[in-house]
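Dear colleague,

I am handing over the structure below for your review. My notes on what was found follow after it.

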Amino acid sequence: MNIRLKGMGLARGIFSVILILGFCFSVTSALAFASKERPRNERSRAAKFEIEFMTEMIDHHASALEMTELCGERAIHDDLKNLCAEMNQAQAEEISQMQAWLIEWYDIEYEPQIKPSDQEIINRLAALSDTDFEIAFMQEMIMHHRMAIIMTMRYYSKTFHEELQDMMLEIVVSQGAEIRQMQQWLCSWYSLCEMSTGMSDQKLP
């Protein structure tokens, strides 16, 4: 089964609870913010936040592409290899879409830039193989996804375009499901069950 679809209902439920509890921005305020009747100065602020989010997420996704490509080469479980292929395809498509929106909406051409800290993680993973690689990869990707979810929730209500907001919701839902799947594998394959709790099943700031 496609892991990005597995558990979608549960993930959406978790996200709804987070919204209600106030640990992320309310859908009501986001929809109001998206209204084309908003004053010009608020539209300008939304543009600033959209550009910031998309350029930062493009960079974040770019490092995930490098990590998932390594996973396809070095993972030993087919289930993990399949998940990595799904993540790679989805994030490559999201990069392309955000680049297209930056050009269409803001006349900005942007190429991914991998941060030095992310490159260090990629280099460390590249030096590993077999079980050592799988453990380190899943632990790092869980943290990587958590950062993406926090970033997305921080910017969600500040954006304007509904297309972008739809993508942001998909990032939270799909990456939350992927976190839970990797937590389960760490526990069942490697008895690393301390990773079984985390951002995907706790309240977020």
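Does Glu140 count as buried or exposed, and what is its relative accessibility? Please note before the reply that the model is predicted. At 18% relative accessibility, Glu140 counts as buried, because the limit for that class is under 20%.

Salt bridges

The structure contains three salt bridges. One of them joins Glu140 to Arg124, and the closest N and O atoms of this pair are 2.2 Å apart. Distant parts of the chain are linked in this way: Glu140 belongs to helix α6 and Arg124 to helix α5, with their positions 16 residues apart in the numbering. Arg124 is partly exposed, at a relative accessible area of 41%, whereas Glu140 is buried.

A salt bridge is also formed by Lys115 and Asp59, where the closest N and O atoms lie 3.9 Å apart. Lys115 is in the loop between α4 and α5, while Asp59 is in helix α3, so this pair ties together parts that are 56 residues apart in sequence. Asp59 is buried at 8% relative accessibility, and Lys115 is partly exposed at 39%.

Lys48 and Glu52 meet through their side chains in a salt bridge of 2.7 Å, N to O. Both residues lie in helix α3, four residues apart, which is about one turn of the helix. Lys48 counts as partly exposed, with 45% relative accessibility, and Glu52 is likewise partly exposed, with a relative accessible area of 25%.

The largest pocket

The largest pocket holds about 170 Å³ of space. Its lining includes Asp59 and Lys115, the two partners of a salt bridge described above. Among the other lining residues are Glu56, His60, Gln113, Met147 and Arg154. Helices α3 (40–74), α5 (116–126) and α6 (130–155) each contribute at least two residues to the lining. The largest share, four residues, is supplied by α6. By character, the lining divides into five charged, three polar and three nonpolar residues.

Aromatic residues

The count of aromatic pairs comes to seven. One of these pairs, Trp101 with Trp105, is stacked, with 5.0 Å from centre to centre and 5° between the planes. The two residues both lie in helix α4 (residues 78–106), four residues apart, or about one turn of the helix. Trp101 is buried, having a relative accessible area of 8%, and Trp105 also counts as buried, at 18% relative accessibility.

Trp185 and Trp189 have ring centres 4.9 Å apart and planes at 5°, so this pair is stacked. Both are found in helix α7 (residues 162–190), four residues apart, about one turn of the helix. Trp185 is buried, with a relative accessible area of 8%, but Trp189 is partly exposed, with 24%.

Ring pairs also link Phe49, Phe53 and Tyr155 into a cluster. Over the ring of Phe49 sits the charged end of Lys158, 4.9 Å from the ring centre.

I would suggest viewing the salt bridge of Lys115 and Asp59 together with the largest pocket, whose lining includes both residues.

Yours sincerely

Key
Residues are numbered from 1 along each chain as its sequence is written. This is a predicted model: local features need pLDDT of at least 70, side-chain atom pairs count only at pLDDT 80 or more; totals for chains, interfaces and linings use all residues. Side-chain values use heavy atoms; hydrogens and water are left out. On a 1 Å grid over the protein atoms alone, a cavity is a set of points where a 1.4 Å probe fits but cannot get out, and a pocket is an open set with protein on both sides within 12 Å along at least five of seven lines; lining residues have an atom within 4 Å of a point. Grid points are joined across faces, edges and corners, and a volume is the space filled by probe spheres set on the points. Ala, Val, Leu, Ile, Met, Phe, Trp, Tyr, Cys and Pro count as nonpolar, Asp, Glu, Lys and Arg as charged, and the others, Gly among them, as polar. Rings of Phe, Tyr and Trp (its six-membered ring) pair if their centres lie within 6.5 Å; planes under 30 degrees apart count as stacked, over 60 as edge-to-face and the rest as tilted. Buried means under 20% relative accessible area, exposed over 50%, partly exposed in between (1.4 Å probe, protein chains only). A charge sits over a ring if NZ of Lys or CZ of Arg is within 6 Å of the ring centre and within 35 degrees of the ring normal. A salt bridge is a side-chain nitrogen of Lys or Arg within 4 Å of a carboxyl oxygen of Asp or Glu.
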